[in-house]
Amino acid sequence: MIKYNLCCKKCDLNFDSWFASSKEYDKLKKKKLINCHNCGSLNVGKNLMAPKLINKTPKEKNEKNVLNYQKIKKTISEYQKFIKSNFDYVGENFAYEARSIHYNDKKRNKGIYGKASKKDLKELKEEGIDTQMIPWVDNENH
Ligand SMILES: [Zn+2]
């Protein structure tokens, strides 16, 4: 059995019809035995069935994402390396240390990096203390 989507060219009705085979469809069509369910017109044709396109996009996109991720991860770890050698890690004390530099003019040879909550960062910003948030890959020891 084969299902065709048929279209009446007179009243624009689309309907599905089953045939034993494509040959049977041709035969019935020739004998003018296929007519519109709605208006009875014999001016009925097969709708072209678009083959289902195999969508390659998700896979390609995925591979691209993986590549992007690896690129980003590499950049981050280079960033981290740079920061580790040029900045002092202050861990959870980041907000405190940042303030002591800002308010006490505490002299440090290096900048600092550490952990801060979003709330800390917001407060620091309100106090005019410039901080930079960077993504951090947390699988290495500090
Ligand atoms: Zn019709």
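Cys-7 has Asn-14 of strand 2 as its bridge partner. On strand 3, Gly-45 stands opposite Cys-7. The model is predicted, and every value below is computed from it.

**The sheet**

Strand 1 covers residues 2–8. Strand 1 pairs with strand 2 through six bridges, in the antiparallel sense. Strand 1 also runs antiparallel to strand 3, and three bridges join these two. The result is an open sheet of three strands in the order 2-1-3. Strand 2 spans 14–19 and strand 3 spans 44–46; both stand at the edges with a single partner strand each, so one side of each has no neighbour in the sheet. On average, neighbouring strands of this sheet are turned by 40° against each other, direction ignored. Strands in a sheet are held together by backbone hydrogen bonds, in a parallel or an antiparallel arrangement.

How many of the six residues of strand 2 are buried? The number is zero, so strand 2 lies largely in the open.

**The overall build**

The protein contains four helices and five strands. Read from the N terminus, the elements follow the pattern β-β-α-β-α-β-α-β-α. The chain counts 142 residues, and 6% of them are buried. Take the contacts between residues at least 6 apart in sequence: 54% of these join residues at least 24 apart.

**Residues with positive phi**

Most residues other than glycine have a negative phi. Asp-12 is not a glycine, yet its phi is positive, at about 65°. Where does Asp-12 lie? Its place is the loop between strand 1 and strand 2. These two strands form a hairpin with five residues between them.

Lys-32 is another residue other than glycine with a positive phi, near 55°. Lys-32 sits in the loop between helix 1 and strand 3, and helix 1 spans 22–30.

Is Asp-12 buried or exposed? Asp-12 has 10 other C-beta atoms within 10 Å, so it is exposed; the cut-off for that class is 12 or fewer. Lys-32 has 9 other C-beta atoms within 10 Å, and therefore Lys-32 is exposed too.

Gly-128 also takes a positive phi, of about 85°, just after helix 4.

| Residue | Phi | Place |
|---|---|---|
| Asp-12 | about 65° | loop between strand 1 and strand 2 |
| Lys-32 | near 55° | loop between helix 1 and strand 3 |
| Gly-128 | about 85° | just after helix 4 |

**The helices**

Helix 4 consists of residues 118–126. Why does helix 4 lie largely in the open? Of its nine residues, the number buried is zero.

Helix 2 runs over residues 57–86, and Ile-83 is found in it. Ile-83 has 18 other C-beta atoms within 10 Å, so it counts as partly exposed. A buried residue would need 20 or more. What separates the C-alpha atoms of Ile-83 and Gly-111? The separation is 8.7 Å, while the two residues are 28 residues apart along the chain.

Terms used: Residues are numbered from 1 along each chain as its sequence is written. This is a predicted model: local features need pLDDT of at least 70, side-chain atom pairs count only at pLDDT 80 or more; totals for chains, interfaces and linings use all residues. Two residues are in contact if their C-beta atoms, placed from the backbone, lie within 7 Å. Two strands pair if DSSP finds at least two bridges between them. Axes are lines fitted to C-alpha atoms, for helices over the stretch in contact, and angles run from 0 to 180 degrees between N-to-C directions.
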